[in-house]
Amino acid sequence: MEIADEKRRVLKAIIAWYKQGPERKPYLTVGGYAGTGKTLLLALLRKVLLQSPKFTVAFAAYTGKATRVLRSALEDAEVLQKQDSVSTIHSLMYSPIENEKQEIIAWKRKEKLKANLIVIDEASMVDGKIWQDLLDYGIPILAVGDHGQLPPISGNFHLMEKPDLTLSEIYRQAAENPI
């Protein structure tokens with residue numbers, strides 16, 4: 001698989017950020033419009049991280065649909081490892097509290113997560129409360145999303161407003177395609 005220079009640059013920057021260890025910023029944001037290859041970038045990143053067999057990645061997205069797309073892309077690239085997880089953000093961080101009728105009545109935040117890295121796809125959907133809950137785990141977070149999307153509907157938090165790194169070259173559609 002040939003990697004475009006832009007993706008190679010962003011991938012190297014992500015790896016350099018992660019390798020900074022405890023001195024690193026707790027999260028890194030990568031923005032890119034639709035079709036710029038954000039999901040492919042995540043598969044490439046996981047492929048690089050395969051060199052460390054005990055490395056665990058918690059992949060998550062805000063919606064079930066986005067989670068299925070992410071899982072499919074990682075499986076197609078044959079990079080998803082048995083120790084990794086792919087879930088919605090809510091199921092990654094929260095456990096349901098049920099009543100006697102086994103109806104979910106509330107959610108409790110999990111105390112610990114087993115991961116070396118949390119990767120959030122479609123990060124433009126994440127609101128301030130969920131973001132703070134993610135940060136509280138103390139696990140490095142790579143947040144990837146479309147910085148052209150509207151912010152979440154609740155509050156004034158907009159994680160992807162000014163991403164640390166960006167992908168700008170669109171690959172999914174032909175250059176003349178107006179989409």
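Select Arg8 to begin: this residue is partly exposed, with a relative accessible area of 34%. The model on screen is predicted.

**Stop 1: helix α1**

Keep Arg8 selected and add Asp5. Their side chains meet in a salt bridge, with 3.2 Å from N to O. Opposite charges on side chains can pair when the charged atoms come close. Both residues belong to helix α1 (residues 5-19), where they sit 3 residues apart, and so about one helical turn separates them. Asp5 counts as exposed, at 62% relative accessibility.

**Stop 2: helix α3**

Next, select Glu75 and Arg71. Here too the side chains form a salt bridge, at 3.7 Å from N to O. The two residues lie in helix α3, 4 residues apart, which is about one turn of the helix. Glu75 is partly exposed, with a relative accessible area of 44%. Arg71 is also partly exposed, at 32% relative accessibility. A search of the whole structure gives 5 salt bridges, and one of them comes up at the next stop.

**Stop 3: Arg46 and its surroundings**

Select Arg46, in helix α2 (residues 38-49). Is Arg46 buried or exposed? Its relative accessible area is 1%, and because buried means under 20%, Arg46 is buried.

Now add Asp84. Arg46 forms a salt bridge with Asp84, and the closest N and O atoms are 2.7 Å apart. Arg46 is in helix α2 while Asp84 is in the loop between α3 (64-76) and β3 (85-88), so this pair ties together parts that lie 38 residues apart in sequence. Asp84 is buried, as is Arg46.

Stay on Arg46 and show Phe55. A polar atom of the Arg46 side chain lies 3.0 Å from the backbone oxygen of Phe55. To see the wider surroundings, show the residues in contact with Arg46, leaving aside neighbours within four places in sequence: Phe55, Val57, Phe59, Val79, Gln81, Gln83 and Asp84.

**Stop 4: strand β1 and its partners**

Move to strand β1, residues 27-32. Of its 6 residues, 5 are buried, so the strand is largely enclosed by the rest of the structure.

Colour strand β7 (residues 141-145) as well. β1 and β7 run parallel and are joined by 5 bridges. To find a place where they face each other, select Gly31, which stands opposite Gly145 in β7.

Then colour strand β8 (residues 165-167). β8 pairs with β1 in the parallel sense, over 3 bridges. Here the residue to pick is Val30, which stands opposite Leu165 in β8.

**Stop 5: two loop residues with positive phi**

The last stop concerns backbone angles. Most residues other than glycine have a negative phi. Which sign does the phi of Gln102 have? Although Gln102 is not a glycine, its phi is positive, at about 60°. Gln102 is found in the loop between β4 (94-98) and β5 (104-109). Gln102 is exposed, with a relative accessible area of 62%.

Finish at Glu122, found in the loop between β6 (117-121) and α5 (128-135). Glu122 is not a glycine either, and has a positive phi of about 55°. With a relative accessible area of 29%, Glu122 is partly exposed.

Technical notes: Residues numbered from 1 in each chain as written. Predicted model: local features only at pLDDT ≥ 70, side-chain atom pairs only at ≥ 80, totals over all residues. Heavy atoms only, no water. Buried < 20%, exposed > 50% of the residue type's maximum accessible area, 1.4 Å probe, protein only. Pairing = 2+ DSSP bridges. Polar contact = N/O pair within 3.5 Å; in protein donor to acceptor, adjacent residues only side chain to side chain. Contact = heavy atoms within 4.5 Å. Salt bridge = Lys/Arg side-chain N within 4 Å of Asp/Glu carboxyl O.
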